[in-house]
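Trainee: Please take a close look at the empty space inside this structure. I would like to know what surrounds it, and how the parts around it are packed.

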Amino acid sequence: MRVTVERAALLRSLGHVHRVVERRNTIPILSNVLLRATDGGLQLRATDLDIEVTETVPADVSDPGATTVPAHVIYDIVRKLPEGAQVSLETGGESGQMTIRSGRSRFALGALPEGDFPDLAAGELPHSFGIAAADLKRLIEKTQFAISTEETRYYLNGIYLHTIEAEGLKLRAVATDGHRLARVEIDAPEGSAGMLGIIVPRKAVAEIQKLVDDGGDSVAIDLSPAKIRLRFASGVTLISKLIDGTFPDYQRVIPAGNDKRLTVERESFARAVDRVSTISSERGRAVKLGLQEGRLSLSVNNPDSGSATEELDVDYEAAGLDIGFNARYLLDITGQLEGDTALFKLADPGSPTLIQDREGASALYVLMPMRV
């Protein structure tokens, strides 16, 4: 194989594919990126057996061929080459190495044969539709923070994507860790009607979020019960296995009868929570919200480090209420809201609270209280 490629194009593509490669691998080939030079350019592919990312970059191919080299090593080499450089990649002879040349720099990397590289073949993906990149980004960004990291409840380790009839057909994304729930919906893209409900795993979600930023205006999605394929307009293709499990009935968690309404200026509230939580213990992180008509007091008591209180003027006309929340979770949710105000719908100190920008907003959040 002999191929010459621009450093910027190679670095961008290596940046896309090398992230799925785990730094510690018991299977040596999984530490490598597959490089395949053909008349169409240089194809790069990496996988961890759950996710596979493929991209082809323009290249001057003298001799077609393929090999695999350590993904993180070649990424670091190309990253450190000067901007505007041309990079030459060559394999040949019996050495089992690939030579990288650029200017006066020369590197020889140990290579493994392409025949050993696994292929995460997508198989039949019967359901296909397109989605605007901005819509996909919104669905992910507004829910990703609530994905559970608890491995025992593996079915919560991702975002649940499904269509639902709610004043028109909607494509809905839901994530929860049992303490908080995030639900965001958009008008269902054409072709998505009847799609299977799928759970996209946390690592795939993180990769999609990075790829969607520079992946063009639209994304083509193909689905089966076991896998999802996303083809970005930039030429990157991501295939991921889906979580094989049943997402819980989240609708039961979303409170419908909370009649106490608190409206507060979002940024002032977030800053106040951040300030008083400075005193809270790392383990508890609890902040108490004391509600009276027109007034909200935030307080934290920590036997080890002291106490803090702050008051805010708010729109609240219901009976007085004291309720506690995890400060970090409050900040996570208010950080996702887009309006100037936050609407809290409360019931009592032991019941979940609903948080939105406003009534009828396309994103809503549910937060379980803490005992304070």
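**The largest cavity and its surroundings**

Mentor: The largest cavity has a volume of about 90 Å³. The model is a predicted one, and a search through the whole of it turns up two cavities of 30 Å³ or more. Rolling a probe the size of a water molecule over the atoms shows where empty space is left.

Start with the wall. The largest cavity is lined by Leu136, Leu139, Ile140, Ile159, Leu161, Val200, Val205, Ile208, Ile221, Ile228 and Leu230. By class, that makes eleven nonpolar residues, with no polar and no charged ones. Four elements each give at least two residues to this lining: helix H3 (133-141), strand E11 (158-165), helix H4 (202-213) and strand E16 (227-232). H3 has the largest share, with three residues. These are Leu136, Leu139 and Ile140. From H4 come Val205 and Ile208, from E11 Ile159 and Leu161, and from E16 Ile228 and Leu230.

Next, the two helices in that wall. Two packed helices are described by the angle between their axes and the distance between the axes. For H3 and H4 the angle is about 145 degrees and the axes are 10 Å apart. The crossing of H3 with H4 is left-handed. On the H3 side the contact involves Ala133, Leu136, Lys137, Ile140 and Glu141, and on the H4 side Val205, Ile208, Gln209, Val212 and Asp213. Sorted by class, these are six nonpolar residues, one polar and three charged. Leu136, Ile140, Val205 and Ile208 thus belong to the helix contact and also to the lining of the largest cavity. The contact includes charged residues, whereas the cavity lining has none.

The other cavity can be read against this one. The second largest cavity has a volume of about 50 Å³. Around it stand Phe129, Ile131, Leu136, Leu139, Leu161, Leu171, Met195, Ile198, Ile221, Leu223 and Ile228. Again the classes come out as eleven nonpolar, no polar and no charged. Strand E10 (127-132), H3 and strand E15 (218-223) each give at least two residues to the lining of the second largest cavity. Leu136, Leu139, Leu161, Ile221 and Ile228 are found in the linings of both cavities. Leu136 also takes part in the contact between H3 and H4.

H4 has a part in an open space too. The largest pocket has a volume of about 310 Å³. Its lining consists of 14 residues, and those nearest the centre are Asp50, Asn157, Pro201, Arg202 and Ile243. H4 provides the largest share of this lining, three residues. By class, the lining of the largest pocket has six nonpolar, one polar and seven charged residues. The lining of the largest cavity, to which H4 also contributes, has no charged residues.

The second largest pocket encloses about 260 Å³. Among its 15 lining residues, Glu167, Arg183, Glu185, Gly360 and Ala361 lie nearest the centre. Strand E13 (180-187) and strand E25 (353-356) each supply at least two residues of the lining, and the largest share, four residues, is from E13. Five of the lining residues are nonpolar, three polar and seven charged.

For comparison with H3 and H4, here are two other helix pairs. Helix H1 (residues 7-17) packs on helix H2 (residues 71-80) at about 145 degrees, with the axes 9 Å apart. H1 crosses H2 in a left-handed sense. Arg7, Leu10, Leu11, Leu14 and Gly15 of H1 meet Ile74, Tyr75, Val78 and Arg79 of H2. The classes in this contact are six nonpolar, one polar and two charged.

The axes of helix H5 (residues 266-276) and helix H6 (residues 327-336) come within 10 Å and cross at roughly 155 degrees, which means that H5 is roughly antiparallel to H6. This crossing too is left-handed. H5 makes the contact with Arg266, Phe269, Ala270, Val273 and Asp274, and H6 with Ala327, Leu330, Leu331 and Thr334. Six of these residues are nonpolar, one is polar and two are charged.

Note on methods. Residues are numbered from 1 along each chain as its sequence is written. This is a predicted model: local features need pLDDT of at least 70, side-chain atom pairs count only at pLDDT 80 or more; totals for chains, interfaces and linings use all residues. Side-chain values use heavy atoms; hydrogens and water are left out. Axes are lines fitted to C-alpha atoms, for helices over the stretch in contact, and angles run from 0 to 180 degrees between N-to-C directions. Angles under 35 degrees count as roughly parallel, over 145 as roughly antiparallel, 65 to 115 as roughly perpendicular and the rest as oblique. A crossing is left-handed if the near helix is turned anticlockwise from the far one by less than a right angle, and right-handed if clockwise. Contact means heavy atoms within 4.5 Å. Ala, Val, Leu, Ile, Met, Phe, Trp, Tyr, Cys and Pro count as nonpolar, Asp, Glu, Lys and Arg as charged, and the others, Gly among them, as polar. On a 1 Å grid over the protein atoms alone, a cavity is a set of points where a 1.4 Å probe fits but cannot get out, and a pocket is an open set with protein on both sides within 12 Å along at least five of seven lines; lining residues have an atom within 4 Å of a point. Grid points are joined across faces, edges and corners, and a volume is the space filled by probe spheres set on the points.
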